[in-house]
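Load the model, pick a cartoon view, and keep your selection tool handy. We will walk through it stop by stop.

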Amino acid sequence: MSQTAENTRERKSKRNLGALVRNLVGARPYDDRVDTQSNISTLEVLAIIARSFKQLAPVKVLFASKVALAIFMMIPGLLLPQIAKIVVDNAVLQLPLGSWKVEFPPFMDPILTLLADKSPIEIMLTISIIFVAMLFLTGARIKGMSSQLLEGEDAATQAENSISQGGSAGSGLLGLVEFMVNVRLTQNLGNNLRLRLFDRLARLPMNVLDDQRTGDSIYRVLYDVPMAPDLIYRLTTVPLLMLLGAGVNLYILQYSYGQVAPQLIWIAWITFPIAFLITFPAAGALRRTNQNKRAAGAAATNAMEESVNSIAAVQSLGAGKSESERFADRSSESFLRERFTIAVVGAVGLVAQGVLGIAAIYVTVLFSNAVIDQQMTAGDFFVLIGVYYGIVIPAAFFGSYWIKLQEVIAAVRRVFFFLDYESEEERMVGLPQHEIQNRIELKNVHYTYPNGTKALEAIDLEFSIGQFVAIVGPTGSGKTTLAYLIPGLLSPTSGEVLLDGTNASEVNVARVREHVSYVFQEHVFLPTTIRDNLLIANPNASDDQMMSALETAGCMEFIDDLQAGIETRLGRGGDTLSVGQQQRLSIARGMLREAKVLILDEPTSALDPVTEDLLVESLKVASRDRLVIVIAHRLSTIRNADRIFFLEEGQVRESGTHQELMDRPDGSYREFVSLQSN
Ligand code: ADP
């Protein structure tokens, strides 16, 4: 086979697969390119954030519960430093209560009242009880319940887990409740997104799917989606909690230490801009690296998927080694990018921590001086440490917020990219329904593929219900493209497709397609039973209808030999059947659909002459009340047609019956036929 013919075949097989899915789900293609650029503008990031917020709408109550619980669980973090101060000053150092140099914030009043007039040992005991109660309620807050999820080694389990765990960090009794709320919340979000994404993928324009290969689609559904709930969590709850925590700690600092050590106040305030200044410049670079990393990951998945799909070809051509090398390239590229991302994150973290460390040293010196000068007590050290972390952690968070966002935003952008494609239904809303009654016309139709290939030029033709039509012509002459225009699997670049005189672009093609049954050249089967594969085409088909379709397409002779008959399960892609058997089954499925228009692409190429005769005979019968269009090479199939359209280089060269066309002395069809029979 020549190189061009091979390319055409390869492209066709991909296109046919996409077309089958769309034919079955009733979607229509339109032109667009898939996202490939790695640059996301800041504006776009903000838009993605805004969209993420919208995703929370269906889970409002769960989300509100989660936020409330998370706020409640912050209380121990605020109380602990103050309690530690009492333990040090009044239990260990045994200073009398009330001899503190620095005031407690008002929220400590109930505890202070409880402790009034107590001896050091009683103070210790009361505080221990309070501590145990807090421990029971909120736990040690070291590692959250998320560690309880069964962690598989495989990426799929981990991705599932990241859907489930979200950002739960609590433990103890409340931690358990929070964790349960969290699992439900993130699973709901993840599931919503995953279902919508899958639905969109199934309805994507054919030209998009041509470029956008299966591996990438799988990658999006499996690995990118779990990132989305995480992003939504990081975008909403975490900043809120961080802001709240920082606010309360700044308040404590101002309230208790504003008079004694005003320097502490300005150090606390400048922590924020410093952390931000260090981390922000690296954000853009990190975002690009991340997008590239995920794209490389998808490319590796793709390489794997392609090789597995074409394993027979790979092995028979002895291409195993080169395929392995191809995969190794993609795979190591993906890991290289991963390492680069880690290095960027590490370097930025190091600088940020260095600067914040210097601030910590300064605070310690300040504090030591204040204790020596008797402006503070030893216990204040614990409050200051608590407050310091209460401010530095949110500051570092907001500084790195933008960066951390990059990890997830690339993924979410990829998910949203597909969700942004309008669905067929959305575009068709309000368009009138149309059931083909009588005829289909193509008027001055041109079709050019997005890569510039002119597949059809100035096509004018007409088909009517009740006809048996053959489309004939050399490979690459545009037969399949022409057939795709009929059920709207492609829309003309210019010109009109008229259904009973109405322009197809003005009616709901999804509904039109319900009346068109398309049997593709590539036979695509799901790995379920023969019966289930038939029912895809017509879920209401009775057993009798199925049997008669199977009979007509010549399937019974091999089904009778199968032990489980039509309950036999097919292998992946139907590969437990021979090519000829797959072809017949595919035809039976097409016939079962009982559509007004039946289109068959090369239906008889793998059939033996007897089966072919039977099939052609039944197609003729079927065409009494339908339009049957066959794309065919074999003379035995073509010669029975009521009308033949002969295509060459994207144009209809001749049309008529076999006899009429054969009677033209220099006709192209006649020449085509004579070449065939030599
Ligand atoms: P036929 O069915 O007669 O073999 P096709 O309709 O498949 O022809 O193809 C017509 C022309 O369009 C060929 O030149 C083919 O290479 C080109 N073509 C088909 N599919 C695509 C595609 N997805 N992108 C670009 N060109 C395409």
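## Confidence and overall view

Colour by pLDDT to begin: this is a predicted model, the average pLDDT of the chain is 76, and 73% of the residues score at least 70. Now select residues 141–169, where the pLDDT is below 50; in the model this stretch has 54 contacts beyond near neighbours in sequence. Another selection to make is residues 205–213, where pLDDT also stays under 50 and the model has 37 contacts beyond four places in sequence. Please keep the scores of both stretches in mind when you look at those contacts.

Switch to colouring by secondary structure and you will find 26 helices and ten strands. Of the 678 residues, 49% count as buried. If you show the surface, the chain exposes about 31600 Å², with carbon and sulfur atoms supplying 59% of it. Among contacts with a separation of 6 or more, 78% are between residues 24 or more positions apart.

## The six-stranded sheet

In what order do the six strands of the open sheet lie? Follow them as β6-β7-β8-β3-β9-β10, and note that the pairing is mixed. Select 516–519 and 651–656: these are β6 and β10, which stand at the edges with a single partner strand each, so each has one side without a neighbour in the sheet. Sighting along the strands, you can see neighbours turned by 15° against each other on average, direction ignored.

Next, zoom in on β3 (residues 468–472) and β8 (residues 627–631), which pair in the parallel sense over four bridges. Show V469, and opposite this residue in β8 you will find I629.

Move over to the β6 edge. Four bridges join β6 to β7, and the two run parallel. V516 has V597 as its bridge partner in β7. Turn on the side chains of β6: V516 and Y518 point one way, S517 and V519 point the other way, and all are buried. That fits a general pattern: in a regular strand the side chains alternate between the two faces of the sheet.

To see what lies across this part of the sheet, select helix α22, residues 579–592. This helix lies across β6 and β7 (597–601), running at about 175° to β6.

## Helix α20 and what covers it

Stay with α22 in view and add α20, residues 543–552. Which residues of α20 are buried? They are M546, A549 and L550. These residues cover an arc of only 100° around the axis, which puts them on the same side of α20. Spin to the other side of the helix, and D544 and E551 are exposed there. The cover over the buried residues of α20 includes α19 (530–537), α21 (556–559) and α22. Just after α20, pause at G554, which takes a positive phi of about 75°.

## The four-stranded sheet

Now for the other open sheet, with four strands in the order β2-β1-β4-β5 and antiparallel pairing. Select 454–464 and 502–503 to see the edge strands, β2 and β5, each of which pairs on one side only. Then add β1 (residues 439–448), which seven bridges join to β2 in an antiparallel run. Show L442 in β1, and look across to L461, which stands opposite in β2.

## Two loops with a positive phi

Most residues other than glycine have a negative phi. With that in mind, centre on D117, whose phi is positive, at about 65°, although it is not a glycine. D117 lies in the loop between α5 (109–115) and α6 (120–138). Is D117 buried or exposed? D117 is exposed, with a relative accessible area of 77%.

Jump to E649, in the loop between β9 (643–648) and β10. E649 also is not a glycine, and has a positive phi of about 45°. At 62% relative accessibility, E649 counts as exposed.

## Last stop: T126

Return to helix α6 and select T126, which lies in it. T126 counts as buried, at 14% relative accessibility, the cut-off being under 20%. What is T126 in contact with, leaving aside its neighbours within four places in sequence? Show L114, L115 and K118 to complete the picture.

Definitions and conventions
Residues are numbered from 1 along each chain as its sequence is written. This is a predicted model: local features need pLDDT of at least 70, side-chain atom pairs count only at pLDDT 80 or more; totals for chains, interfaces and linings use all residues. Side-chain values use heavy atoms; hydrogens and water are left out. Two strands pair if DSSP finds at least two bridges between them. Axes are lines fitted to C-alpha atoms, for helices over the stretch in contact, and angles run from 0 to 180 degrees between N-to-C directions. Contact means heavy atoms within 4.5 Å. Buried means under 20% relative accessible area, exposed over 50%, partly exposed in between (1.4 Å probe, protein chains only). Accessible areas come from the Shrake-Rupley method with a 1.4 Å probe; for residues, only the protein chains shown count as cover. pLDDT is the predictor's confidence in each residue, from 0 to 100. The arc is that of the directions from the helix axis to the C-beta atoms.
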